[in-house]
Amino acid sequence: MAVPDVKIPAPPPAQDDEGMKGWLFKWTNYIKGYQKRWFVLSNGVLSYYRTESEISQLCRGTISLHGATIHTEDSCTIVISNGGAQTFHLRATSEVERQRWVTALELAKAREVVQINPDRIKEKELSANLEVSSVVSALNTKLSELRSQSEIISKHSKALQRCLTDLETIDLPPDVSTKIKAWMERANLIRIASVGMVTNCSEYLDLAQSQGNKWQKMLYNERRQRIQLVEMVDQIAREQTVLEHVANNDKQGDSTDDDDDDASDSCEFFDAQGSDSFDVTTNSYLVNHQSPSIIQHKSLSSTQTLEKLVNEELDCSGGSSSDIDDPAESSAILTAAICSSGLKTERDDNNKSCRMFPQLSEQAKKLLEEATKLPLKPGDKRRCRVPDKPNHPLHIWSILKNCIGKDLSKIPMPVNFSEPLSMLQRITEDFEYSDILDTAAQCKDPFEQMAYVAAFTISSYSTTVNRTSKPFNPLLGETYECDRMSDLGWKAFNEQVSHHPPISAQFCLGKEWSCWQEFSMSSKFRGKYLQAIPNGIAHLDFPASGNHYTWTKVTTTVHNIIVGKLWVDQTGDMTIINHKDGTKCRLSYIPYSYFTRDQQRKVKGYVLDKDDEIKWVVNGTWDNKVEIAPVTKFEGPIESPTCQTGSYIMAWQRQAPPSDSEKYYNFTVLASQLNEMEEGVAPTDSRLRSDQRLMEFGLWDEANIEKLRLEEMQRVRNRKTGTADSNQVNENEEDDDDNIQENVNSTVKPLWFKRDVCKWTKKPCYNFTHEYWECKQKKDWTRCPSIF
């Protein structure tokens with residue numbers, strides 16, 4: 001880490017690194033957790049021993065502070081990282097002790113930098129001078145060559161002029177004399193041009209010699225200032241996170257007793273805390289048919305157990321909410337979130353492991369009962385928003401720091417990181433701007449239709465710009481219907497058809513189009529950012545024209561996982577194919593960059609015919625608008641052509657979200673309506689998930705209880721078939737035979753989709769049987785399993 005050239009004041013004697021030593025707790029592994037070790041800080045190196053008496057013997061480990069980063073995670077924890085090669089997670093016995101060590105470490109690090117940096121600066125300046133000298137020497141050589149060539153040109157020019165002068169003395173016809181004069185003039189121009197070229201080169205060399213060193217120093221200073229600025233911003237972000245935790249501790253201290261304060265001071269997590277109650281009679285945004293007795297339940301603290309979880313349970317390699325099959329690992333975080341809440345427990349008779357589950361409070365049971373008793377009926381007014389998100393901070397880095405490189409779909413997460421929607425409901429939001437498809441259905445030009453289809457695929461990402469929370473993972477056999485044919489012109493049905501790997505099948509029917517997809521993804525945590533990589537294929541069909549389109553979604557990245565505000569970016573290339581005539585559209589989602597002058601979140605693409613000739617251009621941003629235009633002429637390669645276009649058409653414009661959407665998960669109006677209880681839905685519908693409904697009410701501890709119960713029920717169903725060993729599952733293969741066999745043998749099978757081979761892509765797919773809407777009309781749900 002670069003350090004500004006500042007004068008380091010002499011430290012006080014009590015914090016002299018030469019004499020700094022004492023006991024600290026060091027993180028060892030997931031079995032032993034933090035262990036007490038004797039640490040000695042001397043000469044810019046931090047060493048540790050098992051006991052104080054071992055100092056005279058070989059130390060257990062060391063870390064150099066030069067170039068190391070030192071930051072705090074909570075009131076007692078220190079993290080020291082040396083360029084990624086070594087990382088020490090240390091914990092002091094108190095905040096005062098931690099601050100004493102941090103001060104000593106920073107001073108020792110500063111001394112090392114001050115002692116080493118001058119030599120490095122001199123080396124860099126010497127290297128820069130050598131580089132400039134080398135360039136100037138090369139310029140001198142080239143200039144000498146130019147001078148030699150100029151002399152040769154001048155010599156030959158003079159010889160030519162002499163020959164031409166001799167010709168003038170001979171009696172020649174008038175036309176020949178005229179030509180000789182023209183030749184002489186041109187030879188003179190050549191001589192003048194060569195002399196001018198040599199003069200300009202000499203002046204340039206003089207300028208380079210006089211200004212080269214100055215430019216080199218300016219460039220070096222700018223680079224150093226930029227590095228220092230980046231480090232300052234990063235440090236400010238860390239300090240902001242620490243201050244937020246301190247403020248939360250103070251706030252919690254006002255509403256809890258001294259014992260609770262002591263527990264929260266030593267913990268990295270802050271679970272759901274009590275907050276003011278609400279009543280639907282005083283919140284006009286809630287649906288007027290809901291019960292006025294919906295009162296937000298006072299959440300319960302679970303910081304002591306969560307701290308134990310950090311030390312022992314986060315090295316899990318099992319599944320997610322719907323994937324993992326090891327009860328010990330799956331319920332680690334959820335159990336930690338509820339086991340210290342003081343709720344009574346009851347034995348689950350269906351669970352052979354006799355796991356003890358906390359009981360829901362009477363308040364939570366009453367809320368769930370009233371929610372199902374008052375569903376939305378046809379003609380009722382829909383709600384415009386959901387209840388506000390409670391302020392229950394839980395630092396995501398505290399969980400994800402041990403998951404770097406892992407597939408996050410296999411890491412259990414509490415509801416604190418979720419939003420009250422399932423993945424089945426989330427993918428239904430793709431049709432928020434379905435009017436683009438209605439417009440595309442009217443297009444007679446297939447290339448123009450392709451441009452509108454491209455705009456539709458881009459619009460599906462507009463809701464992700466501020467949505468950093470994770471949707472609930474659906475259970476196997478879970479379904480979701482969204483019939484908006486009367487007002488929006490489409491109806492969609494989704495089902496979780498596969499457990500390993502997790503696959504959601506969707507079919508949406510519009511008035512003049514139909515769209516279906518298989519959505520599956522793998523998610524990886526890379527340290528500073530999280531990536532969600534989609535794997536499924538989306539289909540779009542226009543029966544009137546016979547055009548059939550397919551595409552695969554691009555990668556979604558969530559940045560600033562460690563420090564700062566979370567933000568989302570879409571990156572990658574997307575190719576949309578019309579299988580009828582071979583037309584293609586290639587879209588490029590440009591990564592966000594702080595240093596580019598281009599528009600951020602930009603998407604650009606071209607519609608190509610089967611001969612790779614550009615017909616339409618697509619330009620815009622995935623969070624605002626998309627414009628399309630026909631191409632009249634283009635030049636250059638397909639990768640970066642220069643196009644002349646006609647007038648641009650606004651294909652899509654994002655609707656501004658509600659002004660207060662930040663209070664309720666940044667939901668749009670459509671997203672707020674997706675989980676609204678409706679009449680006549682299947683008993684497997686996502687709206688009936690108790691954990692999701694309780695989270696929407698703000699009862700996060702109760703939601704974690706239900707999340708644990710639902711996952712355990714799914715494990716019991718899988719255990720009955722003897723196919724629930726997640727260690728036999730290969731998550732990296734798209735169509736693994738073991739995965740297929742597990743889904744076939746499961747007690748819960750796809751009811752409304754049938755596995756087949758796609759006639760367009762020739763790959764395995766799930767086709768909608770269209771039986772769901774018939775069963776709904778008959779109110780016949782006898783075939784539906786009991787999964788909730």
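Which residues are buried in helix 13? In this predicted model, the answer is S690, D691, Q692, R693, L694, M695, E696 and F697. Helix 13 spans residues 690–697, and because 8 of its 8 residues are buried, the helix is largely enclosed by the rest of the structure. Just past the end of helix 13 comes G698, whose phi is positive, at about 95 degrees.

It helps to set this helix against the chain as a whole. The protein chain has 788 residues, 49% of which count as buried. Its secondary structure consists of 16 helices and 29 strands. Among contacts with a separation of 6 or more, 61% are between residues 24 or more positions apart. The accessible surface of the chain amounts to about 38800 Å², and carbon and sulfur atoms contribute 51% of it.

On that surface, L207, W215 and M218 make a nonpolar patch of about 330 Å². One of these residues, W215, belongs to helix 2, which covers residues 174–255. The relative accessible area of W215 is 49%, and the residue is therefore classed as partly exposed, a class that ends at 50%.

A contrasting environment is found at S462, in the loop that separates helix 11 (446–459) from strand 11 (470–472). S462 has a relative accessibility of 1% and so counts as buried, the cut-off being 20%. Its side chain reaches the backbone oxygen of S459 at 2.8 Å. Once neighbours within four places in sequence are set aside, the contacts of S462 are with Y433, W622, W652 and R654.

Charged pairs deserve a look of their own, with 29 salt bridges counted in the model. In one of them, R426 pairs with E429, and the closest N and O atoms are 3.9 Å apart. Both R426 and E429 are buried. A further salt bridge joins the side chains of K553 and D430, with an N to O distance of 2.6 Å. K553 sits in the loop between strand 19 (547–551) and strand 20 (555–559), while D430 sits in the loop between helix 9 (423–428) and helix 10 (435–441), so this pair ties together parts that are 123 residues apart in sequence. K553 and D430 are likewise buried.

Another buried pair is that of R601 and D623. Their salt bridge has its closest N and O atoms 3.5 Å apart. The pair links distant parts of the chain, 22 residues apart: R601 is in the loop between strand 22 (584–589) and strand 23 (602–608), and D623 is in the loop between strand 24 (614–621) and strand 25 (625–635). Salt bridges also form a network, which links R382, E676, E678, D685 and R687.

Turning to the strands, strand 5 (residues 69–72) and strand 6 (residues 77–82) run antiparallel and are joined by 4 bridges. T72 has I78 of strand 6 as its bridge partner. The connection from strand 5 to strand 6 is a hairpin of 4 residues.

Definitions and conventions. Residues are numbered from 1 along each chain as its sequence is written. This is a predicted model: local features need pLDDT of at least 70, side-chain atom pairs count only at pLDDT 80 or more; totals for chains, interfaces and linings use all residues. Side-chain values use heavy atoms; hydrogens and water are left out. Patches are made of residues with over 30% relative accessible area and no salt bridge: like charges are joined within 9 Å, nonpolar side chains (Val, Leu, Ile, Met, Phe, Trp, Tyr) within 5 Å. Accessible areas come from the Shrake-Rupley method with a 1.4 Å probe; for residues, only the protein chains shown count as cover. A salt bridge is a side-chain nitrogen of Lys or Arg within 4 Å of a carboxyl oxygen of Asp or Glu. Helices (H or I, at least four residues) and strands (E, at least two) are DSSP runs, numbered from the N terminus. Buried means under 20% relative accessible area, exposed over 50%, partly exposed in between (1.4 Å probe, protein chains only). A polar contact is a pair of N or O atoms within 3.5 Å; within protein, one must be able to donate a hydrogen and the other to accept it, and residues adjacent in sequence count only if both atoms are side-chain atoms. Contact means heavy atoms within 4.5 Å. Two strands pair if DSSP finds at least two bridges between them.
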